[in-house]
Amino acid sequence: MIHSRSKIVILTGAGISAESGIETFRAEDGLWAQHRVEDVATPEGFARDPKLVVDFYNSRRAQLPDVEPNAAHRALARLEAEHDGEVIVITQNVDDLHERGGSQTVFHMHGALKTALCAACGHRWPAPIVMAPGDPCPSCHAPAARPDVVWFGEMPYDMDLLFRHLSEADIFIAIGTSGNVYPAAGFVAEARRAGAHTIEFNLERSSVGNHFEEHRTGPASRTVTDWVEEFLRG
């Protein structure tokens with residue numbers, strides 16, 4: 001049931017950041033096109049060639065100052081600020097555009113470029129612009145620093161908490177997601193089981209688009225901004 005204090009849970013994918021100039025996983029040029037996924041986004045790839053992997057994420061991290069949040073990021077921040085109910089953003093993106101756009105409650109289920117992770121003790125800390133293989137952990141001092149990014153074959157972060165938010169959602173929204181990557185692709189089914197109204201914002205229907213009750217097609221900077229305006233006006 002939708003009401004003035006409805007809990008809104010929002011899943012965002014690469015499509016929301018693409019309009020800011022962040023290269024998507026499936027772009028035909030740029031960083032991703034220069035490397036096989038198996039080489040730069042798996043634990044096995046990191047074990048084979050840690051320098052290649054660390055340099056890849058250094059390059060992605062170095063791009064962050066050159067991109068800015070777009071109107072969709074700012075609209076979600078406005079929704080959180082002005083809506084009387086809870087607004088939760090769950091992002092598959094490892095950039096910091098939601099935070100820079102003004103959102104306060106953001107869960108990075110696939111990690112973040114701006115933090116480093118100790119593979120030995122699990123400690124996290126702000127990543128330097130340039131990481132190197134074997135950097136020491138500031139907590140346990142093991143030479144086990146790695147990018148704080150969830151690779152293929154690893155479990156996304158905070159899953160128990162995210163499923164609890166989904167079970168409490170009155171409205172579930174997915175923005176710019178492919179519907180191909182699980183467990184995120186299954187979030188709409190979880191939200192529907194909880195009775196949430198479901199809306200997909202995308203350039204075209206995703207692989208799980210048939211699970212959504214409502215579709216808004218077009219660039220997120222326009223469709224999300226328009227919907228937030230409509231919703232807040234009641």
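The following is a short exchange on the sheets, a cavity and a glycine of a predicted model.

User: What makes Gly 209 count as buried?

Analyst: Its relative accessibility is 2%. Buried means under 20%. Gly 209 therefore counts as buried.

User: Where does Gly 209 lie, and which residues does Gly 209 touch beyond four places away in sequence?

Analyst: Gly 209 lies in the loop between E8 and E9. Leaving out residues up to four places away in sequence, Gly 209 touches Glu 200 and His 215. Contact here means heavy atoms within 4.5 Å. Ser 178 is 31 residues apart from Gly 209 in sequence. In space, the two C-alpha atoms are 9.2 Å apart.

User: Why is E8 called mostly covered?

Analyst: Five of the six residues of E8 are buried. Each of those five falls under 20% relative accessible area, so the strand is mostly covered.

User: What makes E7 and E8 a pair?

Analyst: Pairing takes at least two bridges. Strand E7 (residues 171-175) and E8 are joined by five bridges, so they pair. The two strands run parallel. Phe 172 stands opposite Thr 198 in E8. Ile 173 has Ile 199 as its bridge partner in E8.

User: Which sheet holds these strands, and in what order?

Analyst: The sheet is open and has six strands, in the order E3-E2-E1-E7-E8-E9. Its pairing is parallel.

User: What makes E3 and E9 the edge strands?

Analyst: Strand E3 (106-108) and E9 each pair on one side only. Neighbouring strands of this sheet are turned by 15° against each other on average, with direction ignored.

User: Which helices lie on these strands?

Analyst: Helix H7 (residues 159-167) packs on the sheet. H7 touches strand E1 (8-12), strand E2 (87-91), E3 and E7. The direction of H7 makes about 135° with that of E3. Helix H9 (residues 220-233) lies across E1, E7, E8 and E9. H9 runs at about 130° to E9.

User: How do you know that E4 and E5 pair?

Analyst: Three bridges join strand E4 (residues 111-118) to E5. The requirement is at least two, so E4 and E5 pair. These strands run antiparallel. Leu 117 stands opposite Arg 124 in E5.

User: What sheet do E4 and E5 belong to?

Analyst: Three strands form an open sheet in the order E5-E4-E6, with antiparallel pairing. Strand E5 (124-126) and strand E6 (145-149) are the edge strands, as each pairs on one side only. Neighbouring strands here are turned by 45° against each other on average, direction ignored.

User: Why is the space lined by Glu 200 and Phe 201 called a cavity?

Analyst: A 1.4 Å probe fits in a cavity but cannot get out, and that is why the name applies. The structure holds one cavity of 30 Å³ or more. About 30 Å³ of space lies in the largest cavity.

User: What makes Glu 200 part of the lining?

Analyst: Lining residues have an atom within 4 Å of a cavity point, so Glu 200 meets that cut-off. The full lining is Glu 200, Phe 201, Asn 202, Glu 204, Arg 205, His 215, Arg 216 and Thr 217. Strand E8 (197-202) and strand E9 (214-217) each supply at least two of these residues.

User: How many of the lining residues are charged?

Analyst: Four are charged, three are polar and one is nonpolar.

Key. Residues numbered from 1 in each chain as written. Predicted model: local features only at pLDDT ≥ 70, side-chain atom pairs only at ≥ 80, totals over all residues. Heavy atoms only, no water. 1 Å grid on protein atoms, 1.4 Å probe; cavity = no way out; pocket = protein on both sides within 12 Å on 5 of 7 lines; lining within 4 Å. Points joined across faces, edges and corners; volume = space filled by probe spheres on them. Helix = DSSP H or I, 4+ residues; strand = E, 2+ residues; numbered from the N terminus. Nonpolar A, V, L, I, M, F, W, Y, C, P; charged D, E, K, R; others polar. Axes fitted to C-alpha atoms, helices over the stretch in contact; angles between N-to-C directions. Buried < 20%, exposed > 50% of the residue type's maximum accessible area, 1.4 Å probe, protein only.
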